Amino acid sequence: MDLKWERNATKWRHRLFAAVMIATLIILAVIFRRETGKEWIGYQRDYNEKLAAKLNKPEFAATPVRIQQVWIQSLNAIDRCTTCHLGVENPLFDKEPQPFTTHPGNFLKTHPVDKFGCTVCHQGDGQAVTVEATHGAVHHLNRQLLAKEFVQSSCVKCHVDLHDVSVTPEQFSWGATFLEGRRLTFQYGCRGCHKINGEGGSIGPELTGLGSKTELAFSLIHDFAHIEGPHPTMSQWVYEHFLTPQKVVPGNPQLNYAPTVMPNFGLTPEQARALTIYVMGLRNPKVEAIPYEYIVQKRMAQAASANPKSLQ
Ligand code: HEC
Ligand code: HEC
Ligand code: HEC
Ligand code: HEC
């Protein structure tokens, strides 16, 4: 009897051991697949092959792949974007598709990558190395990636002159959409209800610092139930709210909440986008913590001495 029990127990111990081994193998296989199946490796191989062909140096195709990163301590940035965006500083890649395309404009010459990185302008997750994690609307990622003219909402972190009302879109063509948004706030009298950079009423919430709020902080006190866009991000909320405030904040008759009093200005999608870029550019310097040497104040100082009342 005892012996049989003993044999049974041994059998079960063997089975348990086999199960543990199989589970371990499965876990190892998953880890291995993740490590070797990384999309960035494919991009780097493609890039190396293209570079080899362009320079007629076949040996370049065999360059070992590795994660590229810049670490800029004073900006608290570890940016690995160039792991895939390998051609940003290479003029030979101006006709190549993303992620290899040469960077537009002179931005990487005026803001060298080793001193600025990418995320100070583009936000996003600098340490991630997958397309999904860097470009997808990642749930609650505190700083969503900024592309196209949305990048303009981060220029003002350093180019504080963009808040100076004497600055015109002709002087700052690369900040034109932001400046159009700023102009619209005067046209529609937003300061009648909102405080912006120290001036305005208090019927609506203060907008200064809005662009430095984290997605999480914003989502905790805003209702996303009426947002139609595919990605429930802060800027999507703000954009749809500009188009139709009463759709996004309809109130709740049961709880006796009235719909928002913010007027529907009948904005076009372009105007709503410009206003979104503008309000998302209203940054809180304490949160952004940009070191003094990065702040560009020349024009602001000049404008201030020419017209002391012109600063906003
Ligand atoms: C895993 C590879 C990979 C990494 C890492 C990566 N990118 Fe990209 N990026 C791509 C690809 C592929 C595209 C083109 C397809 C797309 O838009 O999703 C792209 C497109 C873009 C665009 C244009 C998007 C648009 O809508 O016009 C921007 C801007 C950009 N990347 C910035 C960044 C920044 C900033 C980082 C770092 C935070 C980064 N990328 C990291 C692969 C990558
Ligand atoms: C000084 C700010 C700044 C920095 C730093 C910066 N960019 Fe950009 N980037 C821009 C602007 C502005 C645009 C143009 C946006 C537009 O389409 O109007 C842009 C566009 C892009 C695009 C889209 C190009 C296209 O044709 O659609 C990619 C990709 C990109 N940047 C990647 C990067 C990467 C990778 C880095 C870091 C190596 C970087 N950027 C650093 C400001 C910057
Ligand atoms: C982290 C700070 C920082 C950010 C963010 C930043 N810049 Fe700059 N930018 C600088 C500094 C510093 C200079 C050099 C100024 C100088 O030498 O006078 C500069 C120079 C420039 C210049 C050269 C001409 C000039 O006015 O001096 C342009 C154009 C420019 N930036 C555009 C942009 C745009 C567009 C963005 C947003 C997409 C941007 N910058 C974001 C700090 C920044
Ligand atoms: C009649 C007063 C009034 C005017 C004028 C007005 N707003 Fe509002 N706004 C409000 C109120 C009240 C709220 C809060 C309720 C809501 O979210 O709709 C609000 C909310 C907002 C929000 C969301 C901010 C947050 O933190 O929740 C933004 C952004 C905003 N307004 C921008 C603007 C801009 C830009 C203008 C000018 C084009 C403007 N508003 C004009 C009353 C106003």
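Reader: Which helices each supply at least two residues of the shell around ligand 3?

Author: Helix 5 (119-122) and helix 7 (152-155) each do so. Helices here are DSSP runs (H or I, at least four residues), as strands are runs of E of at least two, numbered from the N terminus. A residue counts as near a molecule or strand if its C-beta atom, placed from the backbone, lies within 6 Å of it.

Reader: Before continuing, what kind of model is this?

Author: This is a predicted model, in which local features need pLDDT of at least 70 and side-chain atom pairs count only at pLDDT 80 or more, while totals for chains, interfaces and linings use all residues. Residues are numbered from 1 along each chain as its sequence is written, and chains are lettered from A and ligands numbered from 1 in the order in which they are written.

Reader: Back to ligand 3, then. Which residues come nearest?

Author: Of the 17 residues around ligand 3, the nearest are T110, C155, C158, W174 and Y294. Helix 7 provides the largest share of this shell, three residues.

Reader: How does that shell divide by class?

Author: It has ten nonpolar, five polar and two charged residues. Nonpolar means Ala, Val, Leu, Ile, Met, Phe, Trp, Tyr, Cys and Pro; Asp, Glu, Lys and Arg count as charged, and the others, Gly among them, as polar.

Reader: From which domains is the shell around ligand 3 drawn?

Author: Domain 1 (39-135) and domain 2 (153-306) each give at least three residues. These bounds come from an automatic or database domain assignment. The domain centres, taken over C-alpha atoms, are separated by 31 Å.

Reader: And ligand 2, which residues come nearest there?

Author: C81, H85, H111, C118 and C121 come nearest, out of 19 residues around ligand 2. Helix 4 (113-116) and helix 5 are the elements that give two or more residues to that shell. By class, the shell around ligand 2 has ten nonpolar, seven polar and two charged residues.

Reader: How many charged residues has the shell around ligand 4?

Author: The shell around ligand 4 has no charged residues, with 17 nonpolar and seven polar ones. Among its 24 residues, C190, C193, G204, T260 and M262 come nearest. Helix 8 (176-187), helix 10 (234-243) and helix 12 (269-280) are the elements giving two or more residues to it.

Reader: Turning to packing, how many residues has the largest nonpolar core?

Author: It has 23 residues, and F178, V238, F242, L275, I277, Y278 and V279 have the most contacts inside it. Such a core is a set of buried Ala, Val, Leu, Ile, Met, Phe, Trp, Tyr and Cys residues joined through C-beta atoms within 7 Å. Helix 12 gives the most to this core, with seven residues.

Reader: Is helix 12 mostly covered or uncovered?

Author: Helix 12 is mostly covered, as nine of its twelve residues are buried. Buried means that 20 or more other C-beta atoms lie within 10 Å of the residue's own; 12 or fewer is exposed, anything in between is partly exposed, and C-beta atoms are placed from the backbone. The buried residues of helix 12 pack against helix 7, helix 8 and helix 10.

Reader: Why does S153 count as buried?

Author: S153 counts as buried because it has 25 C-beta neighbours inside 10 Å. S153 sits in helix 7. Not counting residues up to four places away in sequence, S153 touches L146, F178, G211, I277, M280 and G281, where contact means C-beta atoms, placed from the backbone, within 7 Å.

Note on methods. Contact = placed C-beta atoms within 7 Å.
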